[in-house]
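Welcome! Let us walk through this structure together, step by step, from the overall fold to a few chosen details.

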Amino acid sequence: MKRLALALLLIVGLSAQAGPTYERAVVAYDKGDFTEALAAFSALAERGHPGAEFMLGAMYFYGKGVPKNDKFAAIWFQKSAVKGNPNGQLAFGSLYIRGVGVQQDLTRAYAWLTIAADADVTGLRQQAMNLRHEAAQLMRPNEIARARQIASDYEPRSAGLTF
């Protein structure tokens, strides 16, 4: 029995050290250690972690540890958004308002911002609603109706995108 407990402790300990964790990657990012954060978020994103995909999008959007690249930011935000990450949904929707890294599309902006607002994450919900209102001011009623339909049809899924 002691051997089994020791073996389990060893396995748990090794698996904890086997790869980066999202939490450690966020701490590295917050400390400004973008090299460590990039490596960790990249490894996690390769395994499909939506939070890591969002953070890679943020790194490319702001040029933190990587060259600023709005198209790469949009790709990573989309990967995160389609998997159900509200931060990714908010970021991806906001890019569509002004056509940053993507072609401007107010219908898609409104749809993604609606999806983000529906996640009901404190603080994020209000940001999504404010941006959605901004987009709506530039849209026709039929575009808003189409965006609402897109949002209501949304279901989280694997992004299926690769570089």
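Axes here are lines fitted to C-alpha atoms, for helices over the stretch in contact, and the angles between their N-to-C directions run from 0 to 180 degrees. Two packed helices are described by the angle between their axes and the distance between the axes. Please keep in mind that what you see is a predicted model.

With that in hand, look at one pair of helices. The axes of H5 and H6 come within 8 Å and cross at roughly 135°. That crossing angle makes H5 oblique to H6, and the crossing is left-handed. On the H5 side, the residues that take part are Ala74, Phe77, Gln78, Ser80 and Ala81, and they meet Gly88, Gln89, Ala91, Phe92 and Leu95 of H6. Sorted by character, the residues of this contact are six nonpolar, four polar and no charged.

Now step back to take in the whole protein. It has nine helices and zero strands, so to speak an alphabet of one letter: read from the N terminus, the elements run α-α-α-α-α-α-α-α-α. Of the 163 residues in the protein, 37% are buried. How do the contacts spread along the chain? Among contacts between residues at least 6 apart in sequence, 51% join residues at least 24 apart. 

Next comes the inside. The largest nonpolar core has 46 residues, and those with the most contacts inside it are Phe41, Met59, Phe77, Phe92, Trp112 and Met139. At least two residues of this core come from each of helix H2 (22-31), helix H3 (34-46), helix H4 (50-62), helix H5 (70-82), H6, helix H7 (106-118), H8 and helix H9 (141-153). Which helix gives the largest share of this core? That helix is H7, with nine residues. Met139, one of the core residues with the most contacts, touches Leu106, Thr107, Tyr110, Ile144 and Ala147, leaving aside residues up to four places away in sequence.

Let us return to H6, this time to see how it sits among its neighbours. Because 10 of its 13 residues are buried, H6 is largely enclosed by the rest of the structure. The buried residues are Pro86, Gly88, Gln89, Leu90, Ala91, Phe92, Gly93, Leu95, Tyr96 and Ile97. They pack against H4, H5, H7 and H8.

One of those partners, H8, deserves a visit of its own. The axes of helix H6 (residues 86-98) and helix H8 (residues 124-136) come within 10 Å and cross at roughly 20°. Angles under 35 degrees count as roughly parallel, and H6 and H8 are therefore roughly parallel to each other. Their crossing is left-handed. H6 brings Pro86, Asn87, Leu90, Ser94, Ile97 and Arg98 to the contact, while H8 brings Leu124, Gln127, Ala128, Leu131, Glu134 and Ala135. These residues divide into seven nonpolar, three polar and two charged.

Our last stop is alanine 145, which lies in helix H9. Is this residue buried, partly exposed or exposed? Alanine 145 counts as partly exposed because its relative accessibility is 45%, between the limits of 20% and 50%. Its C-alpha atom is separated by 9.9 Å from that of tyrosine 110, and the two residues are 35 apart along the chain.

How values were computed
Residues numbered from 1 in each chain as written. Predicted model: local features only at pLDDT ≥ 70, side-chain atom pairs only at ≥ 80, totals over all residues. Heavy atoms only, no water. Helix = DSSP H or I, 4+ residues; strand = E, 2+ residues; numbered from the N terminus. Parallel < 35°, antiparallel > 145°, perpendicular 65-115°, else oblique. Left-handed = near helix turned anticlockwise from the far one by under 90°. Contact = heavy atoms within 4.5 Å. Nonpolar A, V, L, I, M, F, W, Y, C, P; charged D, E, K, R; others polar. Core = buried A, V, L, I, M, F, W, Y, C linked by side-chain atoms within 4.5 Å. Buried < 20%, exposed > 50% of the residue type's maximum accessible area, 1.4 Å probe, protein only.
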